[in-house]
Amino acid sequence: MKEFTYTITDPLGIHARPAGLLAKAAKAYADTTVTVAKDGNAVKASQLMKLMSLGVKQGNVVTVTAEGPQEDEAIAAMETFFKENL
Amino acid sequence: MTLLQGKGVSKGVTSGPICFFQRPGNDIAKVSVSDIEAEKARIREAQEKSMAQLEALADKAREETGEDTAILFETHAMFVEDDDYVDTILSTLEDEECCAEYAVKVAGEQFSAMMAAMEDEYLRARAADIKDVTRCILNNLMGIADGGIDSDVPVILAADDLAPSETLQLDKSKILGFITQGGSGNSHTAILARTMGIPAICALGDSLTKEYEGRVAYIDGAAGTVTLDPDEQALAAYEEKARKQAELRALMDEMRGKEDVTLDGREMMVYCNIGSPDDVPAVLQNDGQGIGLFRSEFLYLAASDYPSEDEQFKAYKKVAEAMGGKRVVIRTLDIGADKQVAYFNLQKEENPAMGVRAIRICLNRPEVFRTQLRALYRASAYGKVAIMFPMITSVWEVRECKKACQAVMTELDAEGIPYNRDTEIGIMVETPASVFIADALAKEVDFFSVGTNDLTQYTLACDRQASDLGRFFDPHHPAELRALKIAADAAHAAGIWIGICGELGADLSLLETFLAIGIDELSVSPSSVLPLRAKIRQTTAGTCTAELLDC
């Protein structure tokens, strides 16, 4: 399993638009499970509504994990995504 | 032959099949089914259709309104196939052995309730997105056409009455005319019909029934009649009217490109009232000299959340550019009263016509006002934009509005964003108070525009939405016309222009009175421009009298 932590800088947090893009990016790695966790609550990154309902705001620290055959590619893609969008 | 009598609210004759506006009901019953797999297939099909529609909407938005709206629709498309949402639908289907519609409804309610319970205000507002998505899937499941019109050919659209947000979504190329059970001459359907220049008949009551769906009707907007299976005589009369209408249209075509000037050389500015950028082609087609009233409400009514500065800016800029340097008077937000917007969370009022509406909302909510003013000033760099404030009753209100404009200009200066510093500022004269203090108000602004619909309602104490006031509701009342004269005299004494943007402006029988009073501008439905021009060009201003002001 690979993981990284990230502090959200987007003023709106993980709102609808980036959540949608994130879910889409995570689904690209079909056999690899990507999760996003805040305060110990982890959800699959591909679950758009659950992801939004985490209520991640600016300044929150999230932990992103990837587990599966493509975990290296997936975690790298997620890191880039968070830096660019959140 | 079947003859239905209603109230004609927009002139003209037309014929075509009747099509009832489809409004999805909220009561979806739980129906037990045995073939769960068949229901699952229906859901998959509805999901695919919904996603295709939402993606098409996103493409359309990307071209017309911009990236923000496009991404919203794309996110909606992702909601449609969200794993949890779909799991909830499928498990409801299996556990309850119910129909697809009910399962989708339950999932939609569960998820929107979950969002609505969130602490974060932004996420709470997303409950509306989930409702929209659920609605979209349900419409596809139930075969309800998007935009409410299920027909490939143009139709006569029938409804009980149409809400402002509903008229915005209509595919206007499919509508020949309107027939409604309720409504009045001032209802939104009537206003839309006049803008489009097509016939409309309202107040048909229960005589208009769903049985008529698909039947060919002949409607006459001047007489207020809807005829089915006409006998020979009625058909001949209809054809004669249709022929005259075509002749008149040809005659009006000759008026295109001519000036709005009386026989003795008095010029009148003939402008148009519009409700959205979609109406601009009608203005250009009818050769309007400018836009005297651009109602900005459409941006707010069509949205599920406050429209952003950029969204507004794009809409205003589009109209300003399309009018190519001709004046475009944009009225700031005028909601409340009969126009309600859910996300404003306005308090329910006993008497909303006299409640917190229009400029009162804007002055109470400086952030909402500021966003709109910034969008308006930014658009002023792209054409001849003028800003107009509605429902003014006091001088301090105008001064506060001007202060807000000043603050926005200072911000734009600091940000280096271009705008026109000399953007004209005007007010609607639509309350008796503004008439009585017109001399003081005229010193504050660049123009007046009289909103005769509200001015009549407040002056005569007659509710404009009520349909049974009959002879008591008299828009030609000398009190109304005298009010116009008081305002006109005050405007001219201060050296500013005065126009009329209410329905009265298009009333040809009052043109001589308007000329006698000295009205400088008439802003009317695009379809009224050419008839008005024809009448102006036959009139001698010098001989017009104000005799209608006598009691």
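This text describes two interfaces in a predicted model: one between chain A and chain B, and one between two domains of chain B.

The account begins with the two chains. In this predicted model, 17 residues of chain A are in contact with 18 residues of chain B. The size of an interface is often expressed as the accessible area that is lost when the parts come together. For chain A and chain B, this buried area is about 1600 Å², and carbon and sulfur atoms give 71% of it. On the side of chain A, the residues that lose the most area to chain B are L48(A), M49(A) and M52(A), which together account for 39% of what that side buries.

Charged and polar groups also meet across this interface. One salt bridge is counted between chain A and chain B. In a salt bridge, the side chain of K50(A) meets that of D84(B), with a distance of 3.1 Å from N to O. Four residue pairs are found in polar contact across the interface of the two chains, both residues of each pair being at pLDDT 80 or more.

Which elements of chain A give two or more residues to the side that touches chain B? They are α1, spanning residues 16–27, and α2, spanning residues 48–53. The largest share, six residues, comes from α1(A). By type, the residues on this side of chain A comprise six nonpolar, six polar and five charged.

The second interface lies within chain B. This chain is divided into domain 1 (2–22 + 148–250), domain 2 (36–144) and domain 3 (256–549). The description here concerns domain 1 and domain 3 of chain B, whose centres, taken over C-alpha atoms, are separated by 28 Å. Their contact takes ten residues from domain 1 and 14 residues from domain 3. The area buried between these two domains is about 1200 Å², of which 53% is given by carbon and sulfur atoms.

Between domain 1 and domain 3 of chain B, the count is one salt bridge. The side chains of R194(B) and E503(B) meet in a salt bridge, at 3.1 Å from N to O. Two residue pairs in polar contact are also counted between these domains, again with both residues at pLDDT 80 or more. On the side of domain 1 that touches domain 3, the elements giving two or more residues are α7 (164–169) and α8 (188–196) of chain B. The largest share of that side comes from α8(B), with four residues. The residues of this side of domain 1 divide into three nonpolar, six polar and one charged.

Definitions and conventions
Residues are numbered from 1 along each chain as its sequence is written. Chains are lettered from A and ligands numbered from 1 in the order in which they are written. This is a predicted model: local features need pLDDT of at least 70, side-chain atom pairs count only at pLDDT 80 or more; totals for chains, interfaces and linings use all residues. Side-chain values use heavy atoms; hydrogens and water are left out. Contact means heavy atoms within 4.5 Å. Buried area is the accessible area (1.4 Å probe) that two parts lose on being put together, summed over both. A salt bridge is a side-chain nitrogen of Lys or Arg within 4 Å of a carboxyl oxygen of Asp or Glu. A polar contact is a pair of N or O atoms within 3.5 Å; within protein, one must be able to donate a hydrogen and the other to accept it, and residues adjacent in sequence count only if both atoms are side-chain atoms. Ala, Val, Leu, Ile, Met, Phe, Trp, Tyr, Cys and Pro count as nonpolar, Asp, Glu, Lys and Arg as charged, and the others, Gly among them, as polar. Domain bounds come from an automatic or database domain assignment.
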